[in-house]
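Got a minute to go through a structure together? Let's ask how each label is earned.

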Amino acid sequence: FKHLAAITLREMVASTGKRGDGRTTTEVRPISIKMSPLPPQVHGSVLFTRGETQALGTATLGGDAMAQRFENLDGEGNKRFYL
């Protein structure tokens, strides 16, 4: 069913030039950006909204004692920057 729906939608867009929500293939929904929606303890935060989709991005810096420790095939390490 998913494959048939994808093919049908693709054919509809190709023949009419409009997407399912009525936008043309060259129209992009506007994006809104809200800076620092979180408290200042988070060193950086941003909220992106486009249509009904939202993404919250955060960045936090910490000292060496608070670094995230990791282990991979190259060995061990740590990082202080989180995104």
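Q: What makes up the secondary structure of the protein chain in this predicted model?
A: The model is predicted, and its protein chain comes to one helix and six strands. Read from the N terminus, the order is α-β-β-β-β-β-β.

Q: Why is the chain called more spread out than a compact globule?
A: Set two values side by side: for 83 residues the globule rule gives 12 Å, while the radius of gyration of the protein chain is 21 Å. That is well over the rule, so the chain counts as more spread out than a compact globule. You can also put a box on it: along the principal axes, the C-alpha atoms fill roughly 60 × 35 × 20 Å.

Q: How many of the residues count as buried, and what share of contacts links residues 24 or more positions apart?
A: Buried residues make up 8% of the 83 in the protein chain. As for the contacts with a separation of 6 or more, 3% of them come from residues 24 or more positions apart.

Q: What supplies the exposed area of the chain?
A: About 7,100 Å² is exposed, and carbon and sulfur atoms supply 58% of it.

Q: How far apart are the mean positions of the positive and negative charges?
A: There are 11 positive and 8 negative charges, and their mean positions are 9 Å apart.

Q: Why is Ser45 called buried?
A: Buried means under 20% relative accessible area. Ser45 has 8%, so Ser45 is buried. You'll find this serine in strand β2, and it touches Lys34, Met35, Ser36, Pro37, Leu38, Gly57 and Thr58, leaving out residues up to four places away in sequence.

Q: What makes the pair Leu38 and Ser45 fit the distance limit for a polar contact?
A: The limit is 3.5 Å. A polar atom of the Ser45 side chain lies 3.3 Å from the backbone nitrogen of Leu38, so the distance is within the limit.

Q: Why is Ser36 called exposed?
A: Exposed takes over 50% relative accessible area. Ser36 has 53%, so the label is exposed. Ser36 sits in the loop between β1 and β2, and although it is not a glycine, it has a positive phi of about 55°.

Q: Why does Gly57 count as partly exposed?
A: Partly exposed falls between the 20% and 50% cut-offs. Gly57 has 24% relative accessibility, so partly exposed it is. Gly57 belongs to strand β3.

Q: How do you know that Gly57 and Ser45 come together in space?
A: They are twelve residues apart in sequence, yet their C-alpha atoms are 5.5 Å apart. Gly57 also touches Ser45, along with Gly44 and Val46.

Q: What makes Thr25 partly exposed, and where does it lie?
A: Thr25 has 46% relative accessibility, so it counts as partly exposed. It lies in the loop between α1 and β1. Beyond neighbours within four places in sequence, Thr25 is in contact with Val13, Gly17 and Arg19. Thr25 and His43 are 18 residues apart in sequence and 38 Å apart in space, C-alpha to C-alpha.

Q: What makes the link between Thr49 and Gln54 a polar contact?
A: The distance between their side chains is 3.4 Å, which is within the 3.5 Å limit, so the name fits. Thr49 is part of strand β2, and the residues it touches include Pro30, Ile31 and Ser32.

Methods: Residues numbered from 1 in each chain as written. Predicted model: local features only at pLDDT ≥ 70, side-chain atom pairs only at ≥ 80, totals over all residues. Heavy atoms only, no water. Helix = DSSP H or I, 4+ residues; strand = E, 2+ residues; numbered from the N terminus. Rg over C-alpha atoms; globule rule 2.2 N^0.38 Å. Buried < 20%, exposed > 50% of the residue type's maximum accessible area, 1.4 Å probe, protein only. Contact = heavy atoms within 4.5 Å. Areas by Shrake-Rupley, 256 points an atom, 1.4 Å probe, with all protein chains shown as cover. Lys, Arg positive; Asp, Glu negative; His and termini not counted. Charge placed at Lys NZ, Arg CZ, Asp CG, Glu CD. Polar contact = N/O pair within 3.5 Å; in protein donor to acceptor, adjacent residues only side chain to side chain.
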